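Student: I want to learn how to read helix packing, sheets and confidence scores in a model. Where do we start?

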Amino acid sequence: MRVLRVLVIVTLGIAVLASAAWFFAHQEEPLPALPGVDSVGAGVQSVQLYFAAATGDSLVFEPRDVVEGGSLHDRVASLILELERGPREDGVKVLPQGTALRHAYLDDRGLLIVDLSRAFQQNFRGGSGAEQLAVASLVRTLAANVADVRQVRLVCGGAPLASLGGHLPLDRPIDVSDLP
Amino acid sequence: MIGSPRVPRFGSRHRGARTGFAAAFLLAALVVGPRPLHAADPPPSEPVVSLEGAPYVSGTSLARLLGATRFWRADVRKLVIRAGSHRLVLTLDNPFVMIDSRTVRMTGPVRALAGEVHVPVTLVDSLPREAGLPRLVFEPRSRRIVRVPSGGVIAAPRLVQSEATARVTFLCDPLGDARVIGRSRAHFRLRMDGFLAGLLPDSVPPPALIQTIREIPSATGTGFELVIGADAQGWRLTRAGDRVILEIVKRPGTEHESFAPEGPPGPRGLRVVVLDPGHGGEDAGVTVGSTSEKRLALALAGALKNELERRLHARVFLTRDHDEAPIEGRRAEIANRVRADLVLSLHFDGVPGTRARGVTAYCPPATFGARERPSLPGIAAPLEILPWRDVATRHAVRARDIAETLLAVLELRGQGPARLRETLPAPLLGVNAPGLLLECGTLTSPADLERLNGPGGLAELAAAIAEGLERWQEERP
């Protein structure tokens, strides 16, 4: 009888030890902390940038590899930055010097609201031709590289922009399909 | 003495003229037709009778109009009429009449007819003009003697017309108020103090700027309505001495006023053109060297104004005539107020870093009414509301038509290359008229800049633009 009790105790002890060993053996190591969303998937992407043609009456596009941002803001900002840097080929830069993105917002109807720095208006030089090319260059570039954009509304310094140079009204969203 | 029965007043207004006025002005009257009733009561009048071809008025009628008392002295065959402090003595079969202390010879003797004394109507011109004595005039067509109301009397207007000018002169005694109360060509209306004692022509032989003139009812004084020919472009009402002169002209000057627009909205010639020199004030526009767009546009507008006034005889308005930037909406306000037939926003382009040159016209797109509508039977189409901002698109077809003709001429005159873009430009927002934004050259192009700054450069450009508009005017449907 005594032998049986010892045997049961030993068996239970072995079972407890085995269970503990199995538990520690199969416990998952903690995951490392996730990096920021912006850095996830960051890579180089080819985009189409639109600049004015040297004839001054149309646009030409230039493919360029840019670091793709993860957020809408970064993506639009990088496009505007590249436009502001100017072309590397035959085109002519028409975006006013110093133009940068302040905010960008895309709603579910495809309206992209782009809030630009005041330099967009203050540094503009030119007539209606330059004005039309500047706006078309910006809108065509955004529409070509940001998915689901149907209309673009330009805002400057957080305030509505009636016109860039006094020739073409910008008080309403610009329909991408209306651009030449 | 038996008084003559009072003749009922005519249903029409009584026409009277002082014989002195009538002699001077009746030559201008052609045909006289029935005239409408005045809204105001007609002035008192009495009939005249004809004796041996001369108009006579009875002593009773004369006394009634003068508010006088009659005395018949049978022993000496005299009729004495006393009105206030005045005294008239009429002697039968005698052409001399005593008026107070004066003796006046009339055109005929005092006559007796049906037991009543009659006197030639020329007597009324000899009556004293004093405040206490009513003034009488003879109206020859209705053959009545009329008591002139307090507003005075207007003689028959004198109408003088030439190919380019028509002038109506009203001789007023005394000169009272006169004003134009309707400016449309079909119903050009004039109201004047005073009673018309004269004849009006019912028609005027063509060609004539004033086609008809007639009297219309007026609560006070006298109203006239004229039908003005379509060629007339301006009018002016002036007062000189005892005359009121209405002048109608084909080619108005700055002193003339325009007629009211008439007829439904629709195509018409370029009678009113608004020139909008772009930019101004702190907004210099495109600046290349010492040449700034705002100054060039203003200078071009001045030159073009002269050309359009000379070639099209149009009235031309500028949205600015010196270096200032009109406040927002001011340009559209000016264009809409003068009911422009064309608004031309004048600019000069500049596209730095490119080879752009020449002219570009921006005209509103023909988007108004272009949306598809349901065609289900029995279902009304939804109401399409056009924002006032886009009202210029109503005139898109006409604007494009003008732009194409204009650009063709500019190209021919060496101002090209010319481009046309269908985009509603900012200066045309809220403009209810055909309009164009015209970039009249490209300042960043050395060739364009040299041409515009050269001698006669702007004058040639202005002449070319005016020629383009003139050609469109001639060829328009």
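Tutor: With a helix contact, where contact means heavy atoms within 4.5 Å. From α5(B) come B:R398, B:D401, B:I402, B:T405, B:L406, B:V409, B:L410 and B:L412; they meet B:L461, B:A464, B:I465, B:E467, B:G468, B:L469, B:R471 and B:W472 of α7(B).

Student: How do the residues of the contact of α5(B) with α7(B) divide?

Tutor: Into ten nonpolar, two polar and four charged. Nonpolar covers Ala, Val, Leu, Ile, Met, Phe, Trp, Tyr, Cys and Pro; charged covers Asp, Glu, Lys and Arg; the others, Gly among them, are polar. Now the conventions. Residues are numbered from 1 along each chain as its sequence is written, with chains lettered from A and ligands numbered from 1 in the order in which they are written. The model is predicted, so to speak of local features takes pLDDT of at least 70 and side-chain atom pairs count only at pLDDT 80 or more, while totals for chains, interfaces and linings use all residues; side-chain values use heavy atoms, leaving out hydrogens and water.

Student: What counts as a helix or a strand?

Tutor: Both are DSSP runs, numbered from the N terminus: H or I of at least four residues for a helix, E of at least two for a strand.

Student: How is a packed pair of helices described?

Tutor: By the angle between the axes and the distance between them. Axes are lines fitted to C-alpha atoms, for helices over the stretch in contact; angles run from 0 to 180 degrees between N-to-C directions. The axes of α5(B) (residues 396–412) and α7(B) (residues 457–475) come within 8 Å and cross at roughly 135 degrees. That angle makes α5(B) oblique to α7(B). The other classes are roughly parallel under 35 degrees, roughly antiparallel over 145 and roughly perpendicular from 65 to 115; oblique is the rest.

Student: What is the hand of the crossing where α5(B) passes α7(B)?

Tutor: Right-handed. The near helix is then turned clockwise from the far one by less than a right angle; anticlockwise would be left-handed.

Student: At what angle do the axes of α2(A) and α4(A) cross?

Tutor: At roughly 140 degrees, coming within 10 Å; α2(A) spans residues 72–85 and α4(A) residues 128–145. These two helices are therefore oblique to each other. The crossing of α2(A) past α4(A) is right-handed. A:R75, A:V76, A:L79, A:I80 and A:L83 of α2(A) make the contact with A:S137, A:L138, A:T141, A:L142 and A:N145 of α4(A). Six of the contact residues are nonpolar, three polar and one charged.

Student: In which order do the six strands of the open sheet in chain B lie?

Tutor: Pairing first: two strands pair if DSSP finds at least two bridges between them. The order is β26-β23-β27-β30-β28-β29, with mixed pairing. β26(B) (315–318) and β29(B) (418–422) are the edges, each with a single partner strand, so one side of each lacks a neighbour in the sheet. Ignoring direction, neighbouring strands are turned by 20 degrees against each other on average. Inside the sheet, β23(B) (residues 272–277) runs parallel to β27(B), joined by five bridges. B:L275 stands opposite B:L344 there. Our helix α7(B) returns here: it lies across β27(B) and β30(B) (435–442), at about 145 degrees to β27(B).

Student: Are β3(A) and β4(A) parallel or antiparallel?

Tutor: Antiparallel, with five bridges between β3(A) (residues 101–106) and β4(A). A:H103 stands opposite A:D115. The two strands form a hairpin with four residues between them, and A:G110 in the turn has a positive phi of about 90 degrees.

Student: Where is confidence lowest and highest among the elements of chain B?

Tutor: The score is pLDDT, the predictor's confidence in each residue, from 0 to 100. Its mean is lowest in α1(B) (residues 19–25), at 38, and highest in β27(B) (residues 342–349), at 94. Over residues 1–39 of chain B it is below 50, although this stretch has 125 contacts beyond near neighbours in sequence. Where pLDDT is low, predicted coordinates should not be read in detail.

Student: What is the mean pLDDT of chain A?

Tutor: It is 83, with 88% of residues at 70 or more. Residues 28–41 of chain A stay under 50, with five contacts beyond four places in sequence. For the model, ipTM is 0.73 and pTM 0.55.
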